[in-house]
Amino acid sequence: MFSGKYILLRAIEETDINKISIWNFDNEIAQYFESRFPNNILEQKKWFDAQINQPNKKKLIIVDKANNTPIGMVGIMKIDHINKNCEVGVTIGDKDYWGKIHGKEALKLTMDYLFFQLNMQTIYITVLEENERSIHFFKKFGFVQNGLLKDMVYKDGKYQSYVWMSVQKNNYQPFIIAS
Ligand SMILES: CC(C)(COP(=O)(O)OP(=O)(O)OC[C@H]1O[C@@H](n2cnc3c(N)ncnc32)[C@H](O)[C@@H]1OP(=O)(O)O)[C@@H](O)C(=O)NCCC(=O)NCCS
């Protein structure tokens with residue numbers, strides 16, 4: 001478990017899967033991801049089982065320390081221990097927390113761990129080009145755009161592109177939490 005001032009990051013428990021499903025199918029959040037069929041409880045359970053013992057990826061639940069409530073999720077994917085890079089993703093599923101400090105602290109704790117404990121050299125993300133809020137959010141941590149992965153996702157009747165962004169350890173700008 002990683003603990004900050006406002007949030008902690010903990011492992012996913014089976015009791016989280018219903019909430020994760022609600023976040024994933026919230027229209028305002030789902031618009032920024034590839035289209036998915038709705039899933040039932042058995043499919044959610046299988047997804048949860050598939051997260052166990054994955055050496056190259058990890059999902060963590062973001063919990064508001066003030067009320068011990070899960071508010072979102074961090075994903076760490078494609079962990080490459082030889083070349084020292086990985087992909088990240090952040091979803092604040094409870095939109096009341098958008099624009100507050102919790103998302104920033106979640107990404108800070110994640111990136112601090114990846115750079116300074118796992119010794120990653122490069123962290124990257126891919127986000128849909130229309131997801132301007134997210135692009136702005138990651139830029140604040142030093143992410144810069146490397147390129148555009150053209151027409152990668154078909155949704156809402158058109159192809160959309162991914163913005164591919166990354167940050168190296170020496171360009172990382174950790175978010176400072178005032179004490
Ligand atoms: C992406 C996400 C984690 C960011 O958390 P957040 O609490 O909303 O982020 P913040 O408010 O700290 O930062 C967002 C920034 O974008 C800005 N912003 C908001 N809408 C914007 C827009 N349409 N265009 C450009 N910038 C925008 C905000 O003003 C803020 O910048 P500021 O702090 O300089 O004012 C959250 O919005 C979320 O979960 N979104 C849905 C899932 C998602 O898209 N995840 C990213 C892909 S992995």
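This is a short tour of a predicted model, moving from the whole chain to the surroundings of its ligand.

**Stop 1: the whole chain.** Select the protein chain and switch to a cartoon view. You will find five helices and eight strands. Trace them along the sequence and the pattern reads β-β-α-α-α-β-β-β-α-β-α-β-β.

**Stop 2: overall dimensions.** Now show the C-alpha trace, which spans about 45 × 40 × 35 Å along its principal axes. How does the radius of gyration fit a compact globule of 179 residues? The protein chain has 16 Å, which agrees with the value near 16 Å that a compact globule with 179 residues would have.

**Stop 3: packing.** Try colouring by burial next: 22% of the 179 residues in the protein chain count as buried. If you draw contacts too, keep those between residues at least 6 apart in sequence; 58% of them join residues at least 24 apart.

**Stop 4: the ligand.** Select the ligand and the 18 residues that surround it. Label G89, W98, G103, E132 and H136, which are the closest. Then colour by element: β5 (85-92), α4 (102-116) and α5 (132-139) each give two or more residues to this shell.

**Stop 5: α5 and the shell's chemistry.** Which element gives the most to the shell around the ligand? Pick out α5, which supplies five residues, the most given by any element. To finish, colour the shell by residue class: seven of its residues are nonpolar, seven are polar and four are charged.

Note on methods. Residues are numbered from 1 along each chain as its sequence is written. This is a predicted model: local features need pLDDT of at least 70, side-chain atom pairs count only at pLDDT 80 or more; totals for chains, interfaces and linings use all residues. Helices (H or I, at least four residues) and strands (E, at least two) are DSSP runs, numbered from the N terminus. The radius of gyration is taken over C-alpha atoms; the globule rule is 2.2 Å times the number of residues to the power 0.38. A residue is buried if 20 or more other C-beta atoms lie within 10 Å of its own, exposed if 12 or fewer, and partly exposed in between; C-beta atoms are placed from the backbone. Two residues are in contact if their C-beta atoms, placed from the backbone, lie within 7 Å. A residue is near a molecule or strand if its C-beta atom, placed from the backbone, lies within 6 Å of it. Ala, Val, Leu, Ile, Met, Phe, Trp, Tyr, Cys and Pro count as nonpolar, Asp, Glu, Lys and Arg as charged, and the others, Gly among them, as polar.
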